[in-house]
Amino acid sequence: MAIAGATSLRGKDLKYWLEEGGFPAGEIKLVDEEVASGTLTEVAGEPAIVQPVTASSFEGLRFVFFAGSAAFAAQHGPTADRAGASVIDLTGGLWAGDRARPWIPRLDALLSPPAPSALTNDHYHTWLAPSTPAILACSLAAAFAEFSPIRLAIVFFQPVSERGDEGITELEGQTIKLLSFQPIPQQVFDTQVAFNLASRWGAGSREQLSEVRQGIAREVQRYLEDRIPLPAVMLVQAPVFYGYAFAAWAEFKSAVTEEALTSRLGSAGFKIVPADEPGPSNLTASGESQPIIAPPERDANVPHGYWLWGAADNFRLASVNATHIAERLLAS
């Protein structure tokens with residue numbers, strides 16, 4: 001198999017999980033964009049060099065995981081597909097294709113899974129591994145679907161590592177400069193993210209937070225549409241390096257017990273944090289292969305309304321889902 005975009009934060013976490021999570025990988029090939037080629041790293045404890053993509057990079061591979069930039073996946077994903085590999089895209093770069101399907105295998109017990117044979121794509125397929133917030137939103141919607149919620153809305157607090165190493169460096173630099181009363185760097189976000197919560201980035205940012213939010217909403221729509229009602233999604237930039245935290249509001253037409261909701265959350269893949277343990281946070285979620293969530297809390301003013309608070313490792317959850325897809329394809 002190959003990890004395309006191996007030097008990205010997402011690619012590094014995926015490589016770690018493939019090695020440590022027990023996936024039966026005989027060989028892991030590392031490829032990336034030209035600027036990153038030649039990087040020295042290791043695979044299974046042995047030295048490895050990140051290679052540039054060539055015409056033969058994907059020949060003879062069973063799986064190719066795209067984990068770098070969306071543009072890199074869009075450029076090389078079709079080549080990997082034509083070479084006979086099963087392509088699993090974690091970047092969002094291949095969502096526009098009509099020969100690809102999103103998949104969250106942990107939800108197969110709650111929602112009808114996509115069948116590997118459903119695509120008219122010769123005998124190879126491109127599979128879309130949704131982003132971490134999309135996995136969380138779909139999982140919450142699937143967990144509560146049988147109770148027919150009137151409303152389900154989720155606010156995600158995004159870490160700066162979603163913008164890669166550059167986002168981490170900028171938050172670090174802003175923090176240091178602000179504490180010493182100096183001008184702050186703003187090349188990535190074009191706004192202050194340190195010690196701040198923001199609903200938008202500056203106009204000079206290469207991306208806009210509203211575009212990221214719309215992308216998450218499109219992922220959720222594509223996965224859940226025509227199956228269960230869609231949740232509302234909001235995105236806030238948080239001054240943290242890693243890990244998503246989220247707050248969710250679920251309101252039901254009739255009474256539902258906290259125990260019933262908690263049970264369904266467990267069925268959807270959430271790890272429930274007991275009240276006598278440290279609550280969910282981006283710190284406690286670090287390295288967790290499951291999203292963590294506190295038991296639902298009934299609202300004091302709205303009948304049948306519940307608040308939820310949870311968190312997830314923004315890279316690990318996506319890596320685990322991508323390997324689950326590969327495992328299901330191997331077993332099919």
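In this predicted model, strand E6, helix H2 (residues 70-82) and strand E7 make up a β-α-β unit of right-handed sense. Helix H3 supplies the largest share of the largest nonpolar core, namely 10 residues. Aromatic pairs number 15, and two tryptophan pairs among them are described below.

**Strands around E6**

- Strand E6 spans residues 63-66; Phe63 and Phe65 point one way from this strand, Val64 and Phe66 point the other way, and all are buried.
- In a regular strand, side chains alternate between the two faces of the sheet.
- Strand E1 (residues 2-4) pairs with E6 in the parallel sense over three bridges, and Ala4 has Phe66 as its bridge partner in E6.
- E6 also runs parallel to strand E7 (residues 86-89), to which four bridges join it; here the bridge partner of Val64 is Val87.

**Nonpolar cores and helix H3**

- The largest nonpolar core holds 74 residues, of which Phe65, Ile88, Leu140, Phe144 and Phe156 touch the most other members.
- A second core, separate from that one, has 16 residues, including Val31, Val64, Ala85 and Trp95.
- Nonpolar side chains tend to be buried together in soluble globular proteins.
- Beyond its neighbours within four places in sequence, Phe156 is in contact with Pro133, Leu136, Ala137, Val233, Met234, Leu235, Val236, Tyr244, Ala245 and Phe246.
- Helix H3 is mostly covered, with 13 of its 13 residues buried.
- From its first C-alpha to its last, H3 reaches 19 Å, close to the 18 Å expected for its 13 residues at 1.5 Å a residue.

**Aromatic pairs**

- A pair of aromatic rings is described by the distance of the centres and the angle of the planes.
- Trp103 and Trp127 form a tilted pair, with 5.0 Å centre to centre and 45° between the planes.
- Trp103 lies in the loop between strand E8 (100-102) and strand E9 (126-128), whereas Trp127 is in strand E9, so this pair ties together parts that are 24 residues apart in sequence.
- Both Trp103 and Trp127 are buried.
- The ring centres of Trp249 and Trp307 are 4.7 Å apart and their planes lie at 50°, so this pair is also tilted.
- Trp249 belongs to strand E12 (residues 244-252) and Trp307 to strand E16; the pair links distant parts of the chain, 58 residues apart.
- Trp249 counts as buried because its relative accessibility is 14%, whereas Trp307, at 44%, counts as partly exposed.
- Phe144, Phe147, Phe252 and Tyr306 are linked by ring pairs into a cluster.

**Gly305 in strand E16**

- Gly305 is found in strand E16 (residues 305-312) and is buried, with a relative accessible area of 0%.
- Its contacts, leaving aside neighbours within four places in sequence, are with Trp249, Ala250, Glu251, Glu297, Arg298 and Asp299.
- Gly305 and Ala4 are 301 residues apart along the chain, and 44 Å separates their C-alpha atoms.

**Positive phi in loop residues**

- Ser148, a residue other than glycine, has a positive phi near 50°; Ser148 is in the loop between helix H3 (132-144) and strand E10 (149-158).
- Asp190 is not a glycine either, yet its phi is positive at about 55°; Asp190 lies in the loop between helix H4 (164-179) and helix H5 (209-224).
- Asp190 has a relative accessible area of 31% and is therefore partly exposed.

Technical notes
Residues are numbered from 1 along each chain as its sequence is written. This is a predicted model: local features need pLDDT of at least 70, side-chain atom pairs count only at pLDDT 80 or more; totals for chains, interfaces and linings use all residues. Side-chain values use heavy atoms; hydrogens and water are left out. Helices (H or I, at least four residues) and strands (E, at least two) are DSSP runs, numbered from the N terminus. Buried means under 20% relative accessible area, exposed over 50%, partly exposed in between (1.4 Å probe, protein chains only). A nonpolar core is a set of buried Ala, Val, Leu, Ile, Met, Phe, Trp, Tyr and Cys residues joined through side-chain atoms within 4.5 Å. Contact means heavy atoms within 4.5 Å. Two strands pair if DSSP finds at least two bridges between them. A crossover is right-handed if, with the strands pointing away from the viewer, the path from the first strand over the helix to the second runs clockwise. The expected span of a helix is 1.5 Å times one less than its number of residues. Rings of Phe, Tyr and Trp (its six-membered ring) pair if their centres lie within 6.5 Å; planes under 30 degrees apart count as stacked, over 60 as edge-to-face and the rest as tilted.
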